[in-house]
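Please open the structure in your viewer and keep the sequence panel beside it, since each stop on this tour asks you to make a selection and then look at what surrounds it.

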Amino acid sequence: MDSEHVAPARPHNPAAADLTGVRVAHRAILADIERLAGLLAALAAAAEPAGPERAEAIAGYVRRYNDVVRGHHREDEILWPVVLDAVPDAAEAVAGIVRFVADRQALDALQADCDAVAVRFAAEPGRHAGRLARILADQRDLLAAHIEAEEEHVLPVIARRVPGAAYAAARARIRGTDRSADPAWSRAWLLSHATRDEAGRLLPEGAAAPAVLEPQLRAYAAEASVVFAG
């Protein structure tokens with residue numbers, strides 16, 4: 001868990017919606033798409049392609065990252081009704097949601113293309129690095145704009161108007177419908193971007209036991225080292 005380079009979590013008011021999870025997810029999504037796009041741009045410009053083992057590790061990481069982002073956006077199906085119930089101007093809120101749905105559809109198409117090109121990159125890294133770099137750059141730009149809008153327009157509404165209990169119930173339903181391909185990887189990935197205080201809020205009681213988390217965090221750190229450090 002990163003406790004040195006991330007701003008401390010805000011004091012938590014139990015009566016308000018606890019937005020720790022979505023804020024950490026946004027931070028993780030943006031940080032990773034930035035470094036993935038930068039990594040592939042550097043590999044595309046390099047004189048020598050990535051070796052077979054590293055190319056396979058990069059492709060696997062890209063696909064797992066895309067799966068996590070899809071899961072984050074599937075949460076909207078549960079959260080939007082909670083937001084709509086809490087705002088007085090439903091028409092304005094629906095207009096904003098339409099924009100977010102359009103963003104998600106565009107992102108889904110990019111990610112499908114990205115996953116397919118990642119498979120080709122694993123097999124022929126020298127040939128497909130440039131194409132994967134361009135897709136990741138497009139994905140980065142779309143995610144940055146989408147998350148900026150969500151942080152500016154949606155999260156403040158949740159913080160002001162959605163009761164903490166209603167939001168917590170929605171988050172519990174989201175956890176119950178988690179369809180991540182690799183939940184252990186997703187959890188370790190998210191926690192790698194969280195402060196210690198944030199991690200305590202993100203994990204159910206008892207789930208933060210070192211015997212449970214440390215092997216997952218070590219495995220994720222080892223994979224990330226291969227992908228990003230080479």
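The tour goes from model confidence to the nonpolar cores, and then to a set of salt bridges.

**Confidence**

Begin by colouring the chain by pLDDT, keeping in mind that this is a predicted model. The protein chain has a mean pLDDT of 85, and 85% of its residues reach 70 or more. Select helix α1 to see where the confidence is highest, at a mean of 96, and then helix α3 (residues 76-86), where it is lowest, at 78. Residues 3-12 call for more caution, as the pLDDT over this stretch is below 50, although the model gives the stretch 17 contacts beyond near neighbours in sequence.

**The largest nonpolar core**

Next, select Leu40, Phe121 and Trp189, which touch the most other members of the largest nonpolar core, a set of 48 residues. To see which helices build this core, show α1 (20-45), α2 (52-74), α4 (90-123), α5 (125-161), α7 (183-191) and α9 (210-229), each of which supplies at least two of its residues. The largest share, ten residues, comes from α1.

Now centre the view on Trp189 and ask which residues it is in contact with, leaving aside its neighbours within four places in sequence. They are Ala25, Ala28, Ile29, Asp32, Tyr61, Tyr65, Val68 and Tyr220. Apart from this core lies another, made of 20 residues, and you can find it by selecting some of its members, including Leu19, Trp80, Val83 and Ala86.

**Ser186 in helix α7**

Return to helix α7 and select Ser186, which lies in it. Is Ser186 buried or exposed? With a relative accessibility of 13%, Ser186 counts as buried, because the cut-off for that class is under 20%. Not counting residues up to four places away in sequence, Ser186 touches Val68 and Ser180; Val68 is also one of the contacts of Trp189.

**Salt bridges**

The structure holds eleven salt bridges, and the remaining stops visit some of them. Select Arg64 and Glu223, whose side chains meet in a salt bridge with an N to O distance of 2.4 Å. Arg64 belongs to helix α2 and Glu223 to helix α9, so this pair ties together parts of the chain that are 159 residues apart in sequence. The two partners fall into separate classes of accessibility, since Arg64 is partly exposed at 28%, whereas Glu223 is buried, with a relative accessible area of 16%.

Then move to Asp18 and Arg201, which form a salt bridge in which the closest N and O atoms are 3.9 Å apart. This pair links distant parts of the chain, with Asp18 in the segment before α1 and Arg201 in helix α8 (residues 196-202), 183 residues apart. Asp18 is partly exposed, with a relative accessible area of 25%, and Arg201 is partly exposed as well, at 26%.

Keep Arg201 selected and add Asp197, because the side chains of these two residues also meet in a salt bridge, at 3.0 Å from N to O. Asp197 and Arg201 are separated by about one helical turn, because they are four residues apart in helix α8. Asp197 counts as partly exposed, at 43% relative accessibility. As a last view, show Asp18, Asp197 and Arg201 together, as they are linked in a network of salt bridges.

Notes:
Residues are numbered from 1 along each chain as its sequence is written. This is a predicted model: local features need pLDDT of at least 70, side-chain atom pairs count only at pLDDT 80 or more; totals for chains, interfaces and linings use all residues. Side-chain values use heavy atoms; hydrogens and water are left out. A nonpolar core is a set of buried Ala, Val, Leu, Ile, Met, Phe, Trp, Tyr and Cys residues joined through side-chain atoms within 4.5 Å. Buried means under 20% relative accessible area, exposed over 50%, partly exposed in between (1.4 Å probe, protein chains only). Contact means heavy atoms within 4.5 Å. A salt bridge is a side-chain nitrogen of Lys or Arg within 4 Å of a carboxyl oxygen of Asp or Glu. pLDDT is the predictor's confidence in each residue, from 0 to 100.
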